[in-house]
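Me: I'd like to go through this protein with you, one question at a time. Please walk me to each answer and put the result last.

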Amino acid sequence: MADIIALLPDHVANQIAAGEVVQRPASVVKELLENAIDAKASSIRLVIKEAGKTLIQVIDDGIGMSVTDARLSFERHATSKIKSADDLFQIASKGFRGEALASISAVAHVELKTKLADDEVGTAIKIAGSEVKSQDAVATPKGTSVAVKNLFFNVPARRNFLKSNSVELRHIIDEFHRVALVHHDTAFSLYHNENELFNLPISNFRQRIVAIFGSKTNEKLVPVTEETEVLKIDGFVVKPEFAKKTKGDQYFFVNDRFIKSGYLNHAIQNAFEGLLRPKTQASYFLKLTVDPATIDINIHPTKTEIKFEDEHTMYALLRSAVKHSLGQFNIAPIIDFEQNPNLNTPYEYQDKGITAPKIDVNQHFNPFEEEVVSSRSTATRTYQNNNKETANWESLYVDLNPEPSEAQSQVYFESAVESTELFETNEIDHTAKRFQVLNKFIVQPMKNGLLVIDQSRAHQRILYESFLSDLTIEKGHSQQLLFPLELNFTMLEMAVLNEVSDLLKQSGFDFDLKKEHIVFTGIPASIEESQVSVIIESLMYDIQHQIPDSHFSQSDLVAKSLAKSAAIRSGVSLTADEQTHLVNKLFACKAPETTITGLKTFTILDKNDLEQRLSI
Ligand code: ADP
Ligand code: MG
């Protein structure tokens with residue numbers, strides 16, 4: 001048989017190798033930013049179009065390249081950063097593998113412009129799919145600009161695999177944060193579709209964190225510093241009361257390189273032991289400096305995982321440094337362990353003062369005076385059988401006629417699945433009084449037992465359906481504020497808000513978006529002024545962390561987020577009228593049985609349940 005093995009042509013080999021280095025636009029961002037840092041830039045500009053799918057450009061004022069270097073930089077294994085294998089143990093730069101530019105230019109159109117400080121003219125090179133298209137002398141400022149256009153133009157499978165713009169942009173911003181946070185001695189800016197999302201001047205570490213995550217971050221930071229022979233630690237942990245339910249902002253930088261380490265993360269979480277509320281996680285921004293000879297960065301192509309020579313010592317030192325800081329800054333005693341555990345009010349609500357829901361009540365309306373009527377489960381069933389991908393499926397949830405129809409106002413509840421028989425024995429007892437217990441449940445006596453409603457969950461359901469109706473059918477009512485309410489946000493947050501500004505207006509907010517703040521003049525009738533900042537912040541969080549490519553529309557997301565954060569909490573005492581109104585509104589909902597996340601809003605303790613409990 002003839003020989004069958006052949007060496008792959010360079011461009012094919014490059015394209016295959018690119019698969020490892022370039023997974024999505026954010027990978028290109030990471031590589032280009034790191035090259036600019038390695039070139040000792042003092043100012044770096046990142047320009048993105050369509051979440052990097054059409055353009056990713058990094059412009060730096062670093063050392064630039066000579067004509068020969070410019071040409072060589074696109075070759076595989078072409079690097080100025082190491083010369084021999086020994087250098088692998090003394091790495092002080094971000095790059096060293098010499099494959100980023102080769103890989104990127106294998107799967108995109110790349111335009112490089114670069115000039116050394118002392119040269120008169122610079123070099124421009126265009127390259128596409130590993131093929132040099134042109135090379136010219138150009139007038140260009142000192143430093144380097146790399147523009148990457150039409151990523152994956154020749155790998156359709158990869159291009160199709162990219163997620164929506166909001167998801168890809170999220171990844172880009174994450175990479176940008178990882179580089180910009182630790183390199184605070186360098187100025188950075190980020191533009192997306194001509195909007196400036198970040199503009200970060202040269203600053204110290206703390207100022208950089210605050211510039212990225214917003215001015216409110218400042219008071220949350222506790223400094224951590226420690227210097228031993230093997231490890232220097234410098235940075236901040238976030239005070240435990242601001243710990244997040246989701247994986248918070250967790251940043252380790254080893255020798256100025258962002259890394260992921262489950263093991264070291266564990267050391268921090270361990271240091272916070274006893275200070276965090278259940279299911280929350282500590283956030284931190286920590287720079288670790290070690291002798292480069294004691295780590296191996298080479299174990300992962302994207303270099304986010306590294307190997308330490310002595311991981312156990314790192315763990316112990318980190319844990320004790322963080323513990324020490326938390327103690328020294330007197331964090332521990334602030335936490336009040338005696339708090340009533342029944343009042344699981346989230347932290348952000350604690351300083352807000354408790355506000356009862358604003359509910360307009362028809363004093364003469366008693367929903368339980370009516371005779372029990374047959375079910376109105378049709379709507380619910382329609383929803384359940386409906387395909388979620390139906391374009392306008394939300395409207396199934398909302399009443400086309402904003403006034404409750406007659407059948408609905410005759411409040412009746414039922415489970416969508418169970419037979420109506422259950423409810424014939426579950427009639428409301430009109431002679432018995434409804435009441436609230438534990439400031440959490442509303443208890444309604446019935447002919448055959450007790451109906452127990454979770455007030456917070458019920459209100460969430462009510463608000464969700466009502467906001468959804470405002471967003472999809474008829475604009476919600478606003479109440480005008482006596483004094484305009486001004487809230488400050490970062491430019492990134494403003495960009496996020498801009499995305500949903502029409503929906504917010506539709507739901508009853510009146511406001512003006514400025515560069516770094518928003519001025520509210522009106523808010524939906526169903527919320528209180530004191531809730532606005534928490535509601536808007538949660539909304540921003542929800543938008544940025546939405547499930548990628550979910551079938552749910554933006555209006556559904558906004559309705560859910562507003563309902564979730566505006567719903568009355570446990571711990572709020574409700575007047576009799578408010579209780580009536582809540583019960584009444586709940587059972588006028590299309591799907592009163594559950595919250596938006598599927599938790600039960602009410603339960604029934606019937607005679608059997610009660611007897612059974614008493615029989616033991
Ligand atoms: P690596 O960074 O691993 O060396 P790259 O493919 O990213 O590999 O870059 C190859 C070489 O091109 C670098 O070693 C560097 O000499 C040069 N280079 C790349 N980007 C820049 C830049 N922005 N400024 C100056 N030189 C650069
Ligand atoms: Mg590089």
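Me: Between which two elements is the loop that holds Ala-525?

Reply: A word on the ground rules: this is a predicted model, where local features need pLDDT of at least 70 and side-chain atom pairs count only at pLDDT 80 or more, while totals for chains, interfaces and linings use all residues. Residues are numbered from 1 along each chain as its sequence is written, chains are lettered from A and ligands numbered from 1 in the order in which they are written, and side-chain values use heavy atoms, leaving out hydrogens and water. Helices (H or I, at least four residues) and strands (E, at least two) are DSSP runs, numbered from the N terminus. On that basis, the loop of Ala-525 runs between β21 (517-524) and α16.

Me: Is Ala-525 buried, partly exposed or exposed?

Reply: Buried means under 20% relative accessible area, exposed over 50%, and partly exposed in between, with a 1.4 Å probe and protein chains only. The relative accessible area of Ala-525 is 37%, so this residue counts as partly exposed.

Me: How far is the C-alpha atom of Ala-525 from that of Ser-507?

Reply: Along the chain, Ala-525 and Ser-507 are 18 residues apart. In space, their C-alpha atoms are separated by 9.6 Å.

Me: How are α14 and α16 oriented to each other: parallel or perpendicular?

Reply: The axes of α14 (residues 491-499) and α16 (residues 532-544) come within 10 Å and cross at roughly 85°. Axes are lines fitted to C-alpha atoms, for helices over the stretch in contact, and angles run from 0 to 180 degrees between N-to-C directions. Angles under 35 degrees count as roughly parallel, over 145 as roughly antiparallel, 65 to 115 as roughly perpendicular and the rest as oblique. The crossing angle therefore makes the two helices roughly perpendicular.

Me: Which residues of α16 make that contact?

Reply: Contact means heavy atoms within 4.5 Å. From α14 come Leu-492, Glu-493, Val-496, Leu-497 and Glu-499; from α16 come Ile-536, Met-540, Ile-543 and Gln-544.

Me: Which helix gives the most to the largest nonpolar core?

Reply: A nonpolar core is a set of buried Ala, Val, Leu, Ile, Met, Phe, Trp, Tyr and Cys residues joined through side-chain atoms within 4.5 Å. The largest one has 59 residues, and Leu-33 and Phe-176 are among those with the most contacts inside it. With eight residues, the top contributor is helix α6 (residues 165-182).

Me: Which residues does Leu-33 touch?

Reply: Leu-33 is one of the residues with the most contacts inside that core. Leaving aside residues up to four places away in sequence, Leu-33 touches Ile-44, Leu-46, Val-58, Phe-176, Val-179 and Phe-188.

Me: How many residues apart in sequence are the parts that Tyr-251 and Phe-285 tie together?

Reply: Rings of Phe, Tyr and Trp (its six-membered ring) pair if their centres lie within 6.5 Å; planes under 30 degrees apart count as stacked, over 60 as edge-to-face and the rest as tilted. Tyr-251 and Phe-285 are stacked, at 5.5 Å centre to centre and 10° between the planes. Tyr-251 lies in strand β11 (residues 250-254) and Phe-285 in strand β13 (residues 284-289), so the pair links parts whose separation in residues is 34.

Me: Which residues form one aromatic cluster with Tyr-251?

Reply: Tyr-251 is also stacked with Phe-253, at 6.1 Å centre to centre and 10° between the planes. Tyr-251 is buried at 8% relative accessible area, and Phe-285 is buried at 1%. The partners of Tyr-251 in the cluster are Phe-213, Phe-253, Phe-258 and Phe-285.

Me: How many residues of helix α18 are buried?

Reply: Cover for the buried residues of α18 (residues 576-586) includes β16 (435-437), β17 (441-446), β18 (449-454), α13 (455-472) and β22 (602-606). His-581 and Leu-582 are among the buried ones. Of the 11 residues in this helix, the buried number is eight.

Me: What is phi of Phe-152 near?

Reply: Most residues other than glycine have a negative phi, and most peptide bonds are trans. Phe-152, in the loop between β6 (143-149) and α5 (156-161), counts as buried at 2% relative accessibility. Its phi is positive, near 65°.

Me: And what is phi of Lys-40 near?

Reply: Lys-40 sits in the loop between α2 (25-38) and β1 (43-49). This residue is exposed, with a relative accessible area of 66%. Phi of Lys-40 is positive too, near 60°.
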